Amino acid sequence: MITLIKARNLSISFNGKTVFKSFEFSLREKQFLVVIGPNGSGKTTLGLLLAGLIPEFIKAEIYGTYTISGKTGMLMQNPSPQFFALTVKEEIGAALPQGVGIEELWEKSVFELSEGEKQRVNLIANLCNGMDTLILDEPLELLDPFQANRFLKIIKSFKGKKTILWLDKDQGFVESEGKIFLGKSLQKFPKRRKHSIGKKLLQAEFSIKREGFESNNINLKLYEGEKVALIGLNGSGKTTLLKAIAGLVPIKGIVELQSNFSFSPQNPDHIFFENSVQQEIGSMQRMRFFGLQQLAKNFPERLSKGQKKLLSLASLQQGQLYLLDEPTTWLDVENKATVYNWINNSREAFLVATHDRKLLDYCDRVLLIEGGELKECSSTTVKRFFRAGL
Ligand SMILES: Nc1ncnc2c1ncn2[C@@H]1O[C@H](COP(=O)(O)OP(=O)(O)OP(=O)(O)O)[C@@H](O)[C@H]1O
Ligand SMILES: [Mg+2]
């Protein structure tokens, strides 16, 4: 079988800072290979190199040798900047693919898609575009359990037909022919603490009418110190709901908040103002708590995706209520544990939109948003949701 990509003794640095060293790697035609590494280990850097974006568009110092045959496409970790066209139909640029759940998005503008929907469209566009090798940078990260399952099925159906290199931070998603490690993740999660819950902090009763999302009956109370998770499928309105509470989207009704709050958006790109991680966070103690001291002098926009996500949380203004949109997306096991610790040991209240099942273990209540309705969620419904049987 033909070897499409080969790397020998490959090392990469940015401005003299080594990302990885002496990496050995080869990818045969129609092979399905997974590269696993924690945040900052260089997965995305490797992908960008193999897709030809480094050094063509992004400068880096490369040592050792590597060869690439055929066309290589990459599904980026961040779906938004990848679109070339205005509509989903134009972006895919082929006949409507069947059985991949794209029908309902076909005529939509790419700007109207939720983050998860964008990722779905990207994945399908990449699978349809005749590349020899497809690099997938954490392709399931933004998908709800239902979409993730659907896509695992699609990707599995391409096994043995396409050459696929999958980059991820753990290996619990799919069986592959081979696994290569770029670094090591630790596995240690904190024990759940009992939270003390105080008086009412938030009362919200409102309706929202927006393109793609409508709800007549949002009714939500939150108490001091309470940790509440918000789950729902891609596009169900989790982000809209958080933004409504934060006053960022128009509503009809009331949002009564008894305290100040901080809102952390889902995507940590272009949200930093300072020139270093240290300046962005401000407090040394907080920087240490989030394990970011090694990156203190780094420029925030140049961090890896997971590092940016962690920084976006570490640099939040402290208030009595945190509104977090997918706080553990892109985080490796160790950084996830840091976030669980933070939520678990904080006296503040949290309302957290999430797909991370483990995070629910640290929450007092779970709310489900479905068909514009917000409901308290029993543990049976949670189980059903994550089994993708909703
Ligand atoms: N353009 C750049 N300039 C300087 N440093 C960079 C640049 N791109 C990445 N880095 C640094 O290189 C290291 C590897 O980054 P990379 O994005 O490849 O990691 P990753 O394994 O994909 O991480 P994640 O799991 O968070 O996505 C990080 O420490 C990051 O800060
Ligand atoms: Mg990455």
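How many of the 390 residues of the protein chain count as buried? The share is 43%. Good morning. The structure above is a predicted model, and I shall describe it from the whole chain down to single residues.

Let me begin with the overall fold. The protein chain contains 11 helices and 17 strands. Its radius of gyration is 21 Å, close to the 21 Å that the globule rule gives for 390 residues, so the chain is as compact as a globular protein of that length. Measured out along its principal axes, the C-alpha trace spans about 65 × 50 × 35 Å. Consider also the contacts with a separation of 6 or more: residues 24 or more positions apart account for 70% of them.

I turn now to the domains. The domain assignment gives domain 1, residues 3-181, and domain 2, residues 200-386. Their C-alpha centres lie 27 Å apart. The contact takes 21 residues from domain 1 and 22 residues from domain 2. On the side of domain 1 that touches domain 2, helix 4 (115-128) and helix 5 (145-157) each supply at least two residues. That side of domain 1 divides into 5 nonpolar, 8 polar and 8 charged residues.

Next comes the ligand. Which residues are the closest to ligand 1? They are Phe-14, Thr-44, Thr-45, Ser-304 and Gly-306, and 21 residues surround the ligand in total. Domain 1 and domain 2 each contribute at least three residues to this shell. Helix 1 (43-50) and helix 9 (305-314) each supply at least two. By character, the shell holds 5 nonpolar, 12 polar and 4 charged residues.

Helix 1 deserves a closer look. Is it mostly covered or mostly exposed? It is mostly covered, since 8 of its 8 residues are buried. Among them are Lys-43, Thr-44 and Thr-45, as well as Leu-48, Leu-49 and Leu-50. Just after this helix, Gly-52 takes a positive phi of about 85°.

Let us move to the interior. In soluble globular proteins, nonpolar side chains tend to be buried together. In this model, the largest nonpolar core has 51 residues. The members that touch the most other members are Ala-229, Leu-230, Leu-292, Ala-314, Leu-323, Val-352 and Leu-367. Leaving aside residues up to four places away in sequence, Leu-230 touches Lys-238, Leu-241, Leu-351, Val-352, Ala-353, Leu-367 and Ile-369. There is also a second, separate core of 42 residues, which includes Leu-27, Leu-46, Leu-113 and Trp-166.

One residue may serve as an example of a buried position. Thr-239 is found in helix 6, residues 238-245. Why is Thr-239 classed as buried? Because 22 other C-beta atoms lie within 10 Å of Thr-239, and the cut-off for a buried residue is 20 or more. Not counting residues up to four places away in sequence, Thr-239 touches Gln-266, Asp-325 and Ala-353. By contrast, Pro-38 stands 201 residues from Thr-239 along the chain, and their C-alpha atoms are separated by 27 Å.

Finally, I should like to point out some details of the backbone. Most residues other than glycine have a negative phi, and most peptide bonds are trans. Where does the model have a cis peptide bond? Such a bond joins Ile-54 and Pro-55, with omega of about 0°. Pro-55 itself belongs to helix 2, residues 53-56.

Positive phi values appear at two glutamates that I wish to show you. Glu-138 has a positive phi of about 50° although it is not a glycine. This residue sits in the loop between strand 6 (133-137) and helix 5. Glu-138 counts as buried, because it has 24 C-beta neighbours inside 10 Å.

Glu-326 likewise has a positive phi of about 50° without being a glycine. Its place is in the loop between strand 14 (321-325) and helix 10 (333-345). With 25 other C-beta atoms within 10 Å, Glu-326 is therefore buried.

To close, please keep three points in mind as you look at the structure. Ligand 1 has a shell to which domain 1 and domain 2 each give at least three residues. The largest nonpolar core has 51 residues, and a second, separate core has 42. Glu-138 and Glu-326 each have a positive phi of about 50°. Thank you for your attention.

Notes. Residues numbered from 1 in each chain as written. Chains lettered and ligands numbered in written order. Predicted model: local features only at pLDDT ≥ 70, side-chain atom pairs only at ≥ 80, totals over all residues. Near = placed C-beta within 6 Å. Helix = DSSP H or I, 4+ residues; strand = E, 2+ residues; numbered from the N terminus. Nonpolar A, V, L, I, M, F, W, Y, C, P; charged D, E, K, R; others polar. Domains from an automatic or database assignment. Buried ≥ 20, exposed ≤ 12 C-beta atoms within 10 Å, placed from the backbone. Contact = placed C-beta atoms within 7 Å. Core = buried A, V, L, I, M, F, W, Y, C linked by C-beta atoms within 7 Å. Rg over C-alpha atoms; globule rule 2.2 N^0.38 Å.
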